[in-house]
Amino acid sequence: MITKYDKETIIKITNILHEIGMPAHLKGFYYVREAILMVYTNEGLLDHMMDDVYTTLAEKYNTSLYSIERLIRVAIENTWLRGNIHAIIKIFRNTIDGRKSRPTNKEFIALLVDYLRIQNIELK
């Protein structure tokens with residue numbers, strides 16, 4: 001059951017993903033959103049992406065953890081190449097390294113969780 005707190009957080013995460021231009025028609029969009037929510041509510045999961053986050057999502061959606069990882073990667077790549085560059089720079093700031101094509105799944109999720117935490121501090 002999704003609590004009111006979770007529902008508000010899901011809406012915030014969804015809005016951020018839309019703002020940076022992640023296409024909602026990609027399956028990876030929903031996996032990224034859930035992974036961010038999982039790490040946001042339990043930061044310790046960030047150190048165990050494959051074992052905890054991907055496995056949990058794979059069991060929930062009846063697929064392989066490698067499929068989850070790949071679809072998240074594709075969604076991030078798509079966003080990085082075709083997304084809203086101004087919003088990406090606003091959110092990721094100086095963490096973007098021009099020598100890399102995109103952040104890793106773990107980096108992307110960690111940076112958005114951090115951004116979400118900062119937003120919540122500012123709102124209080």
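The following exercises, with worked solutions, concern a predicted model of a protein.

**Exercise 1.** Determine how many helices and strands the protein contains, and state the pattern they follow along the sequence.

*Solution.* Step 1: the protein has 6 helices and 0 strands. Step 2: read along the sequence, these elements give the pattern α-α-α-α-α-α.

**Exercise 2.** Locate K90 and E19 and explain what their salt bridge ties together.

*Solution.* Step 1: the closest N and O atoms of K90 and E19 are 2.8 Å apart, and a salt bridge requires such atoms to be within 4 Å. Step 2: K90 belongs to helix 5 (residues 85–92) and E19 to helix 1 (residues 4–20), so the pair ties together parts that are 71 residues apart in sequence. Step 3: K90 is partly exposed at 41% relative accessibility, and E19 is partly exposed at 29%.

**Exercise 3.** In the salt bridge between E34 and K60, decide whether E34 is buried or exposed, and do likewise for K60.

*Solution.* Step 1: the closest N and O atoms of this pair are 3.0 Å apart. Step 2: E34 lies in helix 2 (residues 27–41) and K60 in helix 3, so the bridge ties together parts that are 26 residues apart in sequence. Step 3: buried means under 20% relative accessible area, and exposed means over 50%. Step 4: E34, at 17%, is therefore buried, whereas K60, at 55%, is exposed.

**Exercise 4.** Describe the place, phi and exposure of N62.

*Solution.* Step 1: N62 sits in the loop between helix 3 (49–61) and helix 4 (65–82). Step 2: its phi is near 55 degrees, a positive value in a residue other than glycine. Step 3: with a relative accessible area of 73%, N62 is exposed.

How values were computed. Residues numbered from 1 in each chain as written. Predicted model: local features only at pLDDT ≥ 70, side-chain atom pairs only at ≥ 80, totals over all residues. Heavy atoms only, no water. Helix = DSSP H or I, 4+ residues; strand = E, 2+ residues; numbered from the N terminus. Buried < 20%, exposed > 50% of the residue type's maximum accessible area, 1.4 Å probe, protein only. Salt bridge = Lys/Arg side-chain N within 4 Å of Asp/Glu carboxyl O.
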